[in-house]
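Okay, thanks everyone for squeezing in. Let me put the sequence and the structure up, and then I'll talk you through a few things.

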Amino acid sequence: MTSSDKKFVCIHGHFYQPPRENAWLEVIEVQDSAYPYHDWNERITAECYEPNATSRILDEHKVIRDIINNYSKISFNFGPTLLSWMEVYANETYQAIIDADKESIARFGGHGSAIAQVFNHMILPLANARDKDSQIVWGIRDFEMRFGRKPEGMWLAETAADTETLEALAANDIKFTILAPRQAKATRKIGDEKWNEVNDRTVNTKHAYRCNLPSGKFIDLFFYDGDISQSIAFNGLLNDGKRFAESLSNAFDNNDSSVQLVHVATDGETYGHHHKHGDMALAFCLDYIEKDHQVTLTNYAQFLSMFPPVHEAQIVENSSWSCVHGVERWRNDCGCNTGGHGGWNQRWRKPLREALDWLRDTTAQVFEEEGKKILKDPWVARNDYVNVVMKRNETTTKNFLRSHALEGATASKVFRLMEMERHAMLMYTSCGWFFDEVSGIETTQVLQYACRVIQLAHQSTNLDYETEFLKRLEHAPSNITMYGNAAQIFERLVIPSLINLKRVGMHFAVSSIFEEEPESLTIFNYTTTSESFVKKVAGDQKLVLGITNVKSLVTRSEKKFAFAVIYLGKHNIIGNISLDMEPDKFAGMQFRMLKAFEEGRLGDVIGVMQMYFGPEKYTIWQLFSDEKRKILELISQESMSELENSLRKSYNSDYQLITALANNGIPIPNTYKTTFEYILNADLINCFTSDKISIKEMERIASEMARWNLKIEDPRKLSRLAGDSIWKELKRIGSERENVKRVQRLNRIFPLLDKFGLDPNLHKSQNLYFEISKEELKNPKVLPEWMEQFTLLGDNLGVKVS
C-alpha cells in the first residue's frame, strides 16, 4: 500500500433549519426578516442549498469553467423537517440532493454520502428513553423513504451524546456517528488494557474509533478535526478554495505510517449562507483534492468498510460541539450565548425546560390512558405515526388506523392523540434554548408547539392544562422589560396564533369575499365544503352568506358553520359565525339580509346579522397571516393604482415645465422629483414583470433617472426581479437557438443593470447557460453570428465553457 493509499479526506456538512411551520397550519408564514424572500428556508435555499447542488469552479480569470454537485463528493445530513419543506417548495434542489446520494454510492464503493439525523433536532441526552427512541426511529424512517436505503450513520443534534444515546443508536443498527474532539474522554488500541486520557488537543482525530457499550453492542465514532473545522466556520478559510484544500492535504501526520482520515464537520450553511460563495470554495477544494493523487476523497461509511477501527474510545458523558459545559446550554444559564447583548442572561432556560418536561410527562399519561382505549399499543403506534407525518394522505392514514386502532375507535380521537405526541417532541427542538432571549422566534416557536399540545390534550380530556403551564412559565424571566416572563410571552405572542375549526371557518368566510370560486376551498391543511353559498355584489360592497363544513386533514375533526360577511370597501369587513344555527333560521336570516342589501339598506344588513348571530363579530384581522397580507395587498393595489395614475398624469402633463425649470437653472421642487422617481421605478418594475423585457423602455428609464439624478427605491426587490427575467429570457434562447436578435437583446440588459446598480442572482441563468453551451459546442450547424453573441452572453453571465 503506497502512502497515497493511506491518506483520506472527508468533508461533512450538517444541513439543518429549525422547523418554522405554524403548529396548526403546517406552513411557514411570511418572515419579513428574510426579505426579499418569503421566509428563511427560502432565503437559505437560494444562498446555500441550491448553489451547492450546482456549484461553480472558476478559472484563473474568475470565469466559470465547470459546475458540480458538491453533495455527491462530501458527507452530509439534512434535517428531516427541512427536507419535507424542500420537497414541496424547492423540489429541484431536493431532487439534486437525492441524486447526489446515488452518485456517491457509485463514487464511494457502494456507500452513500447521506447520513440520517434525529428527527427534529432534539438534544437526546436530555430526552427521556421513549423520546430518544422515537427521534431515532423517525429519523431512520424518513431517511429510508427519501433516499431509498438504510442509513449507515446518524447525526446527533449539536452532536450531543451520552452512553444511553449511543446505545439507542446501536439498538437501531446505526453503525457510526460524528462527534467533536472535546467529546473524546479516553482512547486505546483495541486489545490494550490501559486507557489513555485525551482532550480536544490530544485526541488523534485521524483514526476511527470503536465504542463498546454496556449492552454488548458497539458503535463507531469519528472525532472531527476541530482546528480546521473552526477555520472553515469562523476564521476565513473559505475565502480561498486552494488554501482550504491545502489545509486538509497538509494535516496528515507524515510520521504515522498507518491509514489516516483527515475530516472536518461544520454547519452546511457555512457553504454559502454564512459565507457568500462558500459553496464555490468547497467546489474548488474538492476539485483540487481529486486532482491531487497524494490523497483520496472518501465518506465515513466507505472508510469504515475498508478500514475497520483498530482503536477504541470512551466519550465524555453529556457533551456536545456547541457548549463547552456539555449540554448545559439547553437547560441552564451556563454562559454560552450568541453574544451582542451585554447584561442579558439566560436564566429562563432551566424553568422553560422544566415547564416543558411537566407538560410532556402530564400529557404522556393522557396518551397512555386515553390511547389504550382506542389503540392496540400507544407507544408502538407513536413510532409508526411517522409514516403518516411523512406522507399525509388517505392511504397512509387508513393504513395506520388499520394497523393500530382498536375496533370502534374514531379517526379524530386517534389522530388528536398522535398529533399531541408529535408536538410534544417538536417542542424540544434544540434552537428553543440555543439563543439569548426567551421571546426570540426560535423559543416562541417551541412554545407554539407546547400550545398545540395543551389544546389537543384538552380536546381529548376536557381538562385544563394551560393554567399550570403558565404558572411554571412565570419563572422564566425575559431580558426585555415589556415581556416580563415566558408566561406573558406565551399569552402575547403564542395564544394569538392558536387556531381551531371555528377560526378556520372565520377565515373561510372572510376570504370568500375575495375568491373567484370560494364554495369549496383548501385552506392550508383544512378543507371547506359549502352546503349553501350566496354572494352578492353592489359596487364596492359585497355580501356573502353560507353554511360550510370545515375539516382538519390532520386530526380529521370537522364542524359545520353558518356565516355571513359584509364588505364595505377598502379593508372594512364585518363578519359573524355560528356553530348551531338551524337551517330554517338561516333561511329566514338569508331572506332578510339579501332583501336589505339589494335595497341598499346596509345598516339593516348589519342589524339583521347582530339579531341572528349576536354581538360577537370578526374582521379582516382574524385572517391567517399570509392570507391577510395577500388580501391587504390586493386592496392596497387598487388604491396604489389610483395614486399611480394621478402621479403619472402629473409626470406627463408637467414634464415640459420641469424641463424648462432645469434648463434655466431653477431648482426642481422635491415633490416633482419624488413623483418622477416613483413613476420611473414603477416603469422599471413593469419591465421585469412583463412577459418580455423591453430594452428600449429600460434604456429610456436609465436615461431619465440619470438626467434627474434619481435612485432605485428597492434595489433588492428589483435585483431579484431582474434575475428572474434574465432566466426567462435565457429559457427562450434555449428553445430558439437560431434567433440571434434575442441573444443580442439580452446582452444589452447587462450594461443597464450596472447603471441601475442592480446585482441580480444569476445562479439559475448560469446553470442554464452552461447546459446550452455544452450542447451547442457539439452542434456543427450553429451560426457564427449566434455563437459570437452567445459567447458575449457568457462573458456577461461570467461563464466560459471550453
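I'll go through a pocket, then the nonpolar cores, then a sheet.

Just so we're clear, this is a predicted model.

Let's start with the second largest pocket, which comes out at about 1400 Å³. It has 43 lining residues, and the ones nearest its centre are Phe234, Asp267, Trp321, Ser322 and Phe434. As for secondary structure, α1 (40-53), α6 (226-234), β12 (260-267) and α15 (431-434) are the elements that each give two or more residues to that lining. The largest share is from α6, with 6 residues. If you care about the chemistry of the wall, it splits into 15 nonpolar, 16 polar and 12 charged residues.

Okay, cores. The largest nonpolar core has 169 residues, and Ile11, Phe78, Met86, Phe244, Leu248, Phe469 and Leu473 have the most contacts inside it. Helix α10, residues 349-374, gives the largest share of this core, 9 residues. Zoom in on Phe469: leaving out anything up to four places away in sequence, its contacts include Ala355, Leu356, Trp358 and Leu359, and also Phe490. Apart from that core there's another one of 49 residues, with Ile693, Leu746, Phe770 and Phe790 among them.

Last stop, the sheet. It's an open one with 6 strands, ordered β7-β11-β10-β14-β8-β9, and the pairing is mixed. β7 (176-179) and β9 (196-197) are at the edges with a single partner strand each, so each has one side without a neighbour in the sheet. Further in, β8 (184-189) and β14 (311-315) pair antiparallel over 5 bridges, and Lys189 sits opposite His311 in β14.

Conventions:
Residues are numbered from 1 along each chain as its sequence is written. This is a predicted model: local features need pLDDT of at least 70, side-chain atom pairs count only at pLDDT 80 or more; totals for chains, interfaces and linings use all residues. Side-chain values use heavy atoms; hydrogens and water are left out. On a 1 Å grid over the protein atoms alone, a cavity is a set of points where a 1.4 Å probe fits but cannot get out, and a pocket is an open set with protein on both sides within 12 Å along at least five of seven lines; lining residues have an atom within 4 Å of a point. Grid points are joined across faces, edges and corners, and a volume is the space filled by probe spheres set on the points. Helices (H or I, at least four residues) and strands (E, at least two) are DSSP runs, numbered from the N terminus. Ala, Val, Leu, Ile, Met, Phe, Trp, Tyr, Cys and Pro count as nonpolar, Asp, Glu, Lys and Arg as charged, and the others, Gly among them, as polar. A nonpolar core is a set of buried Ala, Val, Leu, Ile, Met, Phe, Trp, Tyr and Cys residues joined through side-chain atoms within 4.5 Å. Buried means under 20% relative accessible area, exposed over 50%, partly exposed in between (1.4 Å probe, protein chains only). Contact means heavy atoms within 4.5 Å. Two strands pair if DSSP finds at least two bridges between them.
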